[in-house]
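This report looks at one protein chain, beginning with the empty space inside the model and then turning to the residues around that space and elsewhere. Please keep the sequence and the 3D view side by side while reading.

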Amino acid sequence: MSGFSSRWRQPRWVVGLSLTLLAIAIMVRLGMWQLERMEEKSLRLASIAQKKHDGPLSLAALNTLNPDLQDYPVTVNGRVRPDYIVYLDNRIENGRVGYQVLAAVITDAGQVLVNFGWVPATSSRQHLPAVTLPAQLTNAEGIIRIPADNPVIRETATRLKDGQLLLQQIDIAHLKQVTKQAFLPFVVQLQTPEDAQFVRNWQPVVMSPEKHLGYAIQWFGLAIAAAVIACVVFFSRGNAHVQTKQK
């Protein structure tokens, strides 16, 4: 067995085995991460179904300190402020680049940002798309969304001109600083009334739990295949090498 032992002391075999084990560990971890994402999506879909069943609530009936405001269906009544229109930049819809248009709405519960939907970009980025917003929302229905922070995005395209604000992402705290206005800590994605100006293809869960499960199975399958190949390459050939030496 001295030949076998000396073979494993060779740097190239140690490095090869180490890299293989590392790759297998990474694939297993990715599989576990997909299972975790599957669980998260399943729980969120169940939560959405329950909140939808409970029916829409008025903004005044919401407890804004509740950490589970996400996905609540709500009704909005209030005056739309044309002097604070937010264009959310770099939004893709069916392969087309455009903006999501939000406006401040004054309600009995406070001032809230309402997302009216997506509009295509103009031929020049120097000009934002012209939209016509209603002066008032009456029993408009929407879904609460808590803006998620993307650490990769930085506000490099912020400007305020003629009441139009261009942002890369919605950050309520940042928006308060820029506009010197107070807002409720969430956005309402409008569903009704319908408006032909806007596309409202809201998708709270982009990837289904079943897809995450499929990806998890793929990662675990790759890890198993890599382990089998490693056994064949590193151990079967190693034994053959020792037997050849002995002869």
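## The largest cavity

About 30 Å³ of space lies in the largest cavity, where a cavity, on a 1 Å grid over the protein atoms alone, is a set of points where a 1.4 Å probe fits but cannot get out, and where a volume is the space filled by probe spheres set on the points, which are joined across faces, edges and corners. Rolling a probe the size of a water molecule over the atoms shows where empty space is left. A search of the whole structure finds one cavity of 30 Å³ or more.

Which residues line the largest cavity? The lining, made up of residues with an atom within 4 Å of a point, consists of Y84, I85, V86, G163, L165, L175, T179 and F183. Two elements, β2 and α3 (172–179), give two or more residues to this lining, and β2 gives the most, with three residues. By class, the lining has six nonpolar, two polar and no charged residues, where Ala, Val, Leu, Ile, Met, Phe, Trp, Tyr, Cys and Pro count as nonpolar, Asp, Glu, Lys and Arg as charged, and the others, Gly among them, as polar.

## The model and its overall plan

This is a predicted model, in which local features need pLDDT of at least 70 and side-chain atom pairs count only at pLDDT 80 or more, while totals for chains, interfaces and linings use all residues. Residues are numbered from 1 along each chain as its sequence is written, and side-chain values use heavy atoms, with hydrogens and water left out.

The protein has four helices and eight strands, which are DSSP runs numbered from the N terminus (helices are H or I, at least four residues; strands are E, at least two). Along the sequence, these elements follow the pattern α-α-β-β-β-β-β-β-β-α-β-α. Of the 247 residues in the protein, 36% are buried; buried means under 20% relative accessible area, exposed over 50%, and partly exposed in between (1.4 Å probe, protein chains only). Among the contacts (heavy atoms within 4.5 Å) with a separation of 6 or more, 64% are between residues 24 or more positions apart.

## Aromatic pairs

Rings of Phe, Tyr and Trp (its six-membered ring) pair if their centres lie within 6.5 Å, and planes under 30 degrees apart count as stacked, over 60 as edge-to-face and the rest as tilted. By this rule there are two aromatic pairs. One of them joins Y87 and Y99, which meet edge-to-face at 5.9 Å centre to centre, with 90° between the planes. This pair links distant parts of the chain, as Y87 is in strand β2 (residues 73–93) and Y99, twelve residues apart from Y87, is in strand β3 (residues 96–107). Both Y87 and Y99 are buried.

F116 and F198 form a tilted pair, with 6.0 Å centre to centre and 40° between the planes. Because F116 lies in strand β4 (residues 110–120) and F198 in the loop between β8 (187–192) and α4 (209–246), the pair ties together parts that are 82 residues apart in sequence. F116 and F198 are both buried.

## A residue in strand β3

V101 is found in strand β3 and is buried, with a relative accessible area of 0%. Not counting residues up to four places away in sequence, V101 touches I85, V86, Y87, V114, N115, F116, G117, V119, V131 and F198.

## Backbone details and a pocket

Most residues other than glycine have a negative phi, and most peptide bonds are trans. In this model, a cis peptide bond joins T192 and P193, with omega about 0°, and P193 is found in the loop between β8 and α4. Phi of D71 is near 80°, a positive value, and phi of N139 is near 55°, also a positive value. Are these two residues buried or exposed? D71 is buried, with a relative accessible area of 5%, whereas N139, in strand β5 (residues 136–145), is exposed, with a relative accessible area of 52%.

D71 also helps to line the second largest pocket, together with I48, K52, P73, I143, R145, Q191, W202 and P204. A pocket is an open set of points with protein on both sides within 12 Å along at least five of seven lines, and about 160 Å³ of space lies in this one. Its lining has five nonpolar, one polar and three charged residues.
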